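Here is a quick set of notes to read alongside the model. Could you keep the 3D view open and follow the points in order?

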Amino acid sequence: MKESTNNKAKWEDQVESIIKRFPERKEKFTTSSDTEVKRLYSDESNEEIHKLGYPGQYPYTRGIQPTMYRSRFWTMRQYAGFGSATETNKRFRYLLDQGQTGLSVAFDLPTQIGYDSDDVMSEGEVGKVGVAIDTLHDMEQLLDQIPLDKVSTSMTINAPASVLLCMYIAVGEKQGVSLDKLTGTIQNDILKEYIARGTYIYPPKPSMRLITNIFEYCQEHVPKFNTISISGYHIREAGSNAVQEVAFTIANGMAYVDAALESGLDIDAFASRLSFFFNAHNNFFEEIAKFRAARRIWAKIMKEHYKAKNSKSWKMRFHTQTGGSTLTAQQPDNNIVRVTLQALAAVMGGTQSLHTNSRDEALSLPTESSARIALRTQQIIANESGVADTIDPMGGSYYVEELTDQIEKEVNKYLDRISEIGGAVQAVEEGYMQREIHQNAYETQKKIEKEEEIIVGLNKFQLDEEVNPDLLKVDEKLEKEQVNNLEKIRKERNQDEVLKTLAELRESAKNKNSNLIPYILAAVKAYATLGEICNVLRDEFGEYTGA
């Protein structure tokens, strides 16, 4: 009881300190009936308080900030990108005008696997599922009139993450923004590409080298940038369940920590910039419990297993995206309801930033109006529902606490098994996680086909005739324009400088102890293309062909 009292006093001191920097949104929070809403609800006599802790305190079951959303809402992002950088820039500026508080960049498939738009491998795919970025010129257009010292940017990029990060840094420098003011996240999570998604280039070992090079470089030069977003989202999209999503994501996180430690980095020098990315699926209470359990598991691993001393190293900060695989092409307006419930679970689970999928994403890239509805969903949850007025509103629920404990228990069983195999990299190479996901996806599909699991509009409550909504279509001319622009850049740049920087990158790649980021940055600034840089590394590292 004495320890609980001390922890409460510590939390109250933290609250007082944080409010000086980030005042709460209101002097007094109330319901519509003018009933006061307390900052936190808990049973002080219950031993449960010892296990749960207080918000902003280890093990962070109840959230990583002492005041959570009473001071600041989560970052509201809308994942966007299509066609050219110029077209995507228009969408970004529209969403910022509509109240979005952070950017989230979707790249086209050629960019994701390190090919230029004029490569034969890119034909027919340029700008289709995201924006095409070939050179620094494209990144300059993408971020035109967007102040990088004021806007946080998340980039969903993995195998070529080092190149896109260097382009972002170079644009920041051109804007006159000091590197210590650049904020955002690169996904940079290659292990889940081998497990679930497939947009890899290099084999695991050189890929891990690039990741740790980024950790080291950003620690010194870009300290506020999140150097990795360890992603459970795509693991869930591939067919995992909630437990597998958390277990495999945390196992991957441990592999990145191990690689960084092996490269000589200190745990407390890089761990605070690790971030995570989770899916928000349909089972409302399970999703809330999943987020709470994930925070608690990671905190214990960082403190007890890795012996991190800085409390910032223990905190799991995560972005959430609503479940793309849950959206149906049938009756797409139903997706607005699905996304609302999923987003609400993410908020009640304590996410730091959130993307809400648009209703038409099972059919195409979202239209402007669909993206606006998705953003408004977050804004209504934030400003009208009241769920952000108290911290961890589901804390103490018998059901949610039991689910949280059970998820923690089952995740730890998976982590023990992966440890027995030799860690996440070895488990990936042996196909263990892939098999587990595929089996779960198969079992889920059988349940849907047997109507044991109901998907409204898909296997029950169907319509005889579907009304096709207006869909966004990427103009086929954009590919030709992108290729022409790339050709123009190639002609105008200093070719000798390009060849020089690429040769220096090649030599650096041969030296396993060399950090590649300064060499990639030099090549980017010379307007070397994404494909040219990735091809140098392909030559030196080889390509991964699958487990």
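1. Let's start with a small enclosed space. By class, the lining of the second largest cavity has seven nonpolar residues, four polar ones and no charged residues. Keep in mind that this is a predicted model. The volume of this second largest cavity is about 70 Å³.

2. Which residues line the second largest cavity? They are Asn-158, Ala-159, Ala-161, Ser-162, Asn-188, Ile-190, Tyr-202, Ser-207, Leu-210, Ile-211 and Ile-214. Two elements, α6 and α8, give two or more residues to the lining of this cavity. The largest share, four residues, comes from α8.

3. Since α6 has come up, have a look along it. Helix α6 covers residues 161–174, and at 1.5 Å a residue its 14 residues should span 20 Å. The end C-alpha atoms of α6 are 20 Å apart, so the model agrees with that expectation.

4. Is α6 mostly covered or mostly open? Mostly covered: twelve of its 14 residues are buried. The buried residues run from Ala-161, Ser-162, Val-163 and Leu-164 through Leu-165, Cys-166, Met-167 and Tyr-168 to Ile-169, Ala-170, Val-171 and Gly-172. Ala-161 and Ser-162 also belong to the lining of the second largest cavity. Just after α6, Gly-176 takes a positive phi of about 80°.

5. Now for the other cavities. The count comes to six cavities of 30 Å³ or more. The largest has a volume of about 80 Å³. It is lined by 14 residues, and Val-347, Met-348, Gly-350, Asp-392 and Pro-393 lie nearest its centre. The lining of the largest cavity divides into seven nonpolar, four polar and three charged residues, whereas the lining of the second largest has no charged residues.

6. On to an open space, the second largest pocket. About 1,200 Å³ of space lies in this pocket. It is lined by 39 residues, with Met-208, Ala-255, Asp-258, Ala-259 and Glu-262 the closest to its centre. By class, the lining of the second largest pocket has 15 nonpolar, twelve polar and twelve charged residues.

7. Which helix gives the most to the lining of the second largest pocket? That is α8, with seven residues. Several elements each supply at least two residues of this lining: α8, α10 (242–262), α12 (284–305), α15 (398–421), α16 (424–429), α19 (495–510) and α21. Helix α8 is worth colouring in your viewer, as it also gives four residues to the lining of the second largest cavity.

8. Next, the aromatic rings. The structure holds 20 aromatic pairs. Trp-11 and Tyr-54 form one that is stacked, at 5.6 Å centre to centre and with 20° between the planes. This pair links distant parts of the chain: Trp-11 is in helix α1 (residues 2–21), and Tyr-54 is in the loop between α2 (48–52) and β1 (75–80). The two residues are 43 apart in sequence, yet their C-alpha atoms are 6.5 Å apart in space.

9. Are the partners in this pair buried or exposed? Trp-11 has a relative accessible area of 6% and Tyr-54 has 1%, so both fall under the 20% cut-off and count as buried.

10. A second pair has another geometry. The rings of Tyr-200 and Tyr-544 have their centres 4.9 Å apart and their planes at 85°, so this pair is edge-to-face. Tyr-200 lies in the loop between α7 (191–197) and α8 (204–221), while Tyr-544 is in the segment after α21 (530–541), so the pair ties together parts that are 344 residues apart in sequence. Tyr-200 counts as partly exposed because its relative accessibility is 23%, whereas Tyr-544, with a relative accessible area of 15%, is buried.

11. Rings also come together in a group. Ring pairs link Phe-276, Phe-278, Phe-291, Trp-298 and Phe-318 into a cluster.

12. Finally, look at two places where a charge meets a ring. The charged end of Arg-72 sits over the ring of Phe-22, 3.8 Å from its centre. Likewise, the charged end of Arg-417 sits over the ring of Tyr-432, 5.6 Å from its centre.

Notes
Residues are numbered from 1 along each chain as its sequence is written. This is a predicted model: local features need pLDDT of at least 70, side-chain atom pairs count only at pLDDT 80 or more; totals for chains, interfaces and linings use all residues. Side-chain values use heavy atoms; hydrogens and water are left out. Rings of Phe, Tyr and Trp (its six-membered ring) pair if their centres lie within 6.5 Å; planes under 30 degrees apart count as stacked, over 60 as edge-to-face and the rest as tilted. Buried means under 20% relative accessible area, exposed over 50%, partly exposed in between (1.4 Å probe, protein chains only). A charge sits over a ring if NZ of Lys or CZ of Arg is within 6 Å of the ring centre and within 35 degrees of the ring normal. The expected span of a helix is 1.5 Å times one less than its number of residues. On a 1 Å grid over the protein atoms alone, a cavity is a set of points where a 1.4 Å probe fits but cannot get out, and a pocket is an open set with protein on both sides within 12 Å along at least five of seven lines; lining residues have an atom within 4 Å of a point. Grid points are joined across faces, edges and corners, and a volume is the space filled by probe spheres set on the points. Ala, Val, Leu, Ile, Met, Phe, Trp, Tyr, Cys and Pro count as nonpolar, Asp, Glu, Lys and Arg as charged, and the others, Gly among them, as polar.
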